[in-house]
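Welcome, and please take a moment to turn the model around on your screen. The paragraphs below walk through it step by step, beginning with a small example.

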Amino acid sequence: MRTFFLFFLFFSSVLYSQKSPNIISGVVTSYGAPLARVNIAIKGSAEGIQSDSVGKYKIRAYPRDVLVFSYVGMNTIEIIVEDVTSVLNIELLPRVEELDEVIVQQKAKEGQQGLALNYAKKKSIINTGYGFIDAANAGFSMSHVNGTELNPSAIDIISALQGKIPGITVGTFDGVNGSSSRVIYMRGTSSANNPRPVIYEIDGVIFEQTPNFLQIDQIDRVATIPGLAGVTKYGQIAAGGIIVINTKGANVMREPGTNKPYDQAKLRDNKFDERSVQVNAKREPPKYILEIEKASSVSDAWLNYETQKQLYGSSPYFYLTAADLFEKKYKTSGKDELVLTEMLESFGDNANVLKALAYRYEQKKQLEKAQKLYIEIFKKRPRYAQSYRDLANMYIETGNYNKALSLYVRYQKSRALDTVSTAYEGIDAVIDTEFNNLLAIHGKALSIEESSNEATTYQGIRVVFEWNNSEAEFDLQFVNPEKTYFVWSHTLEKERDRITEEKVKGYSCEQFLIDQSKPGKWMINAKYYGNKSYDPTLLKATIYYNYGLSTQRSEVKVFRLALKNVNQQLITLQNR
């Protein structure tokens, strides 16, 4: 009862309000040059302005308004205003529709041809109704298994796949006529409250029912497509994920006039080049840090800090960087906490700043301090999905499992009523994964006698990336032990719909699962493109080892992204 009373206070004390609009300013450019007379309007209203002769603008808008930046011959950009939005520097690019279409079609054709030619030699290539996909660089989490690894004596396809593909569980599904059947569920693709079983695609033919007619010894290879990627291509029917099965001999391109597989060198357009990444890439320290560092004592350093504060104190990142310096150079002085106190006095209403500070405390294992900040963020952003996830996650870290469970359940109920965005993706998958993990590992502490063991079916490393600024644009490059890679993009140019969804639901995170199918050294790199403001972005990576097992452990790393357009090495992992 006490827990629910606490949540009642959260929601009753903080209600969404549009009383005070944001004053938003910035510069509109194209390839670095200022762009004059750009139309800047609030979508759905008659309000609008134009940028001046040097590309500058200023406009009033409320949180949840959509700002539209348009200019003849340029791609239009739409930005959803948030509570912290104050600076938006916009880069507009020329609209070249016909050229883009020709290039994309040509690349797609060449890529499909290469994958088809190499299908017989490379077991990670799977043929789907929408073309060939290589699991090694699919761009999403795609597990695959060779047909030779399946037990030909298994009683059905479900039994053959069980234990062979990570992330799937076997359960029952009640049909409309009251009958129930054994089905496969894919972890992280459907709601724990309303799970959807997978569908099957066999050599391009879709089956909603389990294809028990299929002979196991006729299977050449199997792959999984998660719900988000599946919905994009197949529609809502694939919200629970897809198991794609290629049978023997049905998908191999042959040499003309023979029955032999076509022989050609493997496609290598995703081969990682060591020279493409910089290790320990950093910008020069800010001028104010250099000035503070000149001091020979803590008292002189504090005087220099006070002087620099007059010049740079309008940025919260001045305080964060100065606090790091005092902690590193004058650890016992307590000046670092004093700097952070001053920062909170000036920027305590800014959720992005609170989140950046919470990242710092998490990295330093000061969990109680981080938890207090996440509670404050929850109060300020009760409609944000990220608020639920962050606070629930901190409750788990501090041993408050019942509070975490209550938050997860509350969020899942709110999602069931959501009519804005129904696709199961992003934060929903993250929360569902952590909800199942909580039940699997801490079920006894929650007095749940028959807790789900779904999380234990996945063994490997789980990495969750979070960023404090929702406008941040970057690429994450995952390099596997075989020195091939895939890139996950978080840019308006490539993932406009994804970023819009983040704004609608209120989140800024993504999870990645590295299973044990590719043991060895993994590398994760990042290329940062900016966040439409002058401040850096804080990127937090939480790495979970032995995920879902009783031996699960985690570590937090926080990166300050400021250097742009450079592929920087972030993390190296040893996957056993």
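Two strands are said to pair if DSSP finds at least two bridges between them. With that in mind, look at strand S9 (residues 125-128) and strand S10 (residues 131-134), which pair in the antiparallel sense over four bridges. Ile125, for instance, has Asp134 in S10 as its bridge partner. Two residues lie between S9 and S10, and the two strands form a hairpin.

Now step back to the whole protein, and keep in mind that this is a predicted model. The secondary structure comes to 14 helices and 25 strands. Of the 576 residues in the protein, 51% are buried. Among contacts with a separation of 6 or more, 64% are between residues 24 or more positions apart.

Next, the sheets. One of them is an open sheet of four strands in the order S4-S3-S6-S7, and its pairing is antiparallel. Strand S4 (48-50) and strand S7 (77-80) stand at the edges; each has a single partner strand, so one side of each is left without a neighbour in the sheet. On average, neighbouring strands here are turned by 20 degrees against each other, direction ignored. Inside the order you will find strand S3 (residues 39-42) and strand S6 (residues 66-70), which run antiparallel and are joined by four bridges. Across that pairing, Ile42 stands opposite Leu67 in S6.

Further along the chain there is an open sheet with the order S20-S19-S22-S25, again four strands with antiparallel pairing. Its edge strands are strand S20 (485-490) and strand S25 (567-575), and each pairs on one side only. The average turn between neighbouring strands of this sheet is 20 degrees, direction ignored. Strand S22 (residues 520-530) pairs with S25 in the antiparallel sense over eight bridges. One place to look is Ala526, whose bridge partner in S25 is Gln568.

Which loop holds Asn480? Asn480 lies in the loop between strand S19 (473-479) and S20. Buried or exposed? With a relative accessibility of 3%, Asn480 counts as buried, because the cut-off for buried is under 20%. Not counting residues up to four places away in sequence, Asn480 touches Lys518, Lys521 and Trp522. Asn480 can also be compared with Asn137: the two are 343 residues apart in sequence and 10.0 Å apart in space, C-alpha to C-alpha.

Now let us turn to the interior. In soluble globular proteins, nonpolar side chains tend to be buried together. The largest nonpolar core in this model has 58 residues, of which Tyr305, Phe326, Val339, Met343, Tyr374 and Leu438 touch the most other members. Helix H7 (residues 316-329) gives the most to this core, with eight residues. Take Phe326 as a guide: leaving aside its neighbours within four places in sequence, Phe326 is in contact with Ile292, Ala301, Trp302, Tyr305, Lys331, Lys335, Asp336 and Val339. Apart from this core lies another, of 25 residues, which includes Trp467, Phe512, Ala526 and Ile571. Ala526 has thus appeared twice, as a bridge partner of Gln568 and as a member of this core.

Aromatic rings are a good way to end the tour. Across the whole structure, a search finds 23 aromatic pairs. In one of them, the rings of Trp467 and Phe474 have their centres 5.1 Å apart and their planes at 75 degrees, so the pair is edge-to-face. Trp467 is buried, with a relative accessible area of 0%, and Phe474 counts as buried at 1% relative accessibility. The pair of Tyr544 and Tyr547 is edge-to-face too, because the planes are at 75 degrees, with the ring centres 5.6 Å apart. Both of these tyrosines, Tyr544 and Tyr547, are buried.

Rings also gather in a group: Tyr288, Trp302, Tyr305, Tyr312, Phe318, Tyr319, Phe326, Tyr330 and Phe347 form one aromatic cluster. Within that cluster, Trp302 has the charged end of Lys335 over its ring, 4.5 Å from the ring centre. Elsewhere, the charged end of Arg553 sits over the ring of Tyr545, 4.2 Å from its centre.

Key. Residues are numbered from 1 along each chain as its sequence is written. This is a predicted model: local features need pLDDT of at least 70, side-chain atom pairs count only at pLDDT 80 or more; totals for chains, interfaces and linings use all residues. Side-chain values use heavy atoms; hydrogens and water are left out. Axes are lines fitted to C-alpha atoms, for helices over the stretch in contact, and angles run from 0 to 180 degrees between N-to-C directions. A nonpolar core is a set of buried Ala, Val, Leu, Ile, Met, Phe, Trp, Tyr and Cys residues joined through side-chain atoms within 4.5 Å. Buried means under 20% relative accessible area, exposed over 50%, partly exposed in between (1.4 Å probe, protein chains only). Contact means heavy atoms within 4.5 Å. Rings of Phe, Tyr and Trp (its six-membered ring) pair if their centres lie within 6.5 Å; planes under 30 degrees apart count as stacked, over 60 as edge-to-face and the rest as tilted. A charge sits over a ring if NZ of Lys or CZ of Arg is within 6 Å of the ring centre and within 35 degrees of the ring normal.
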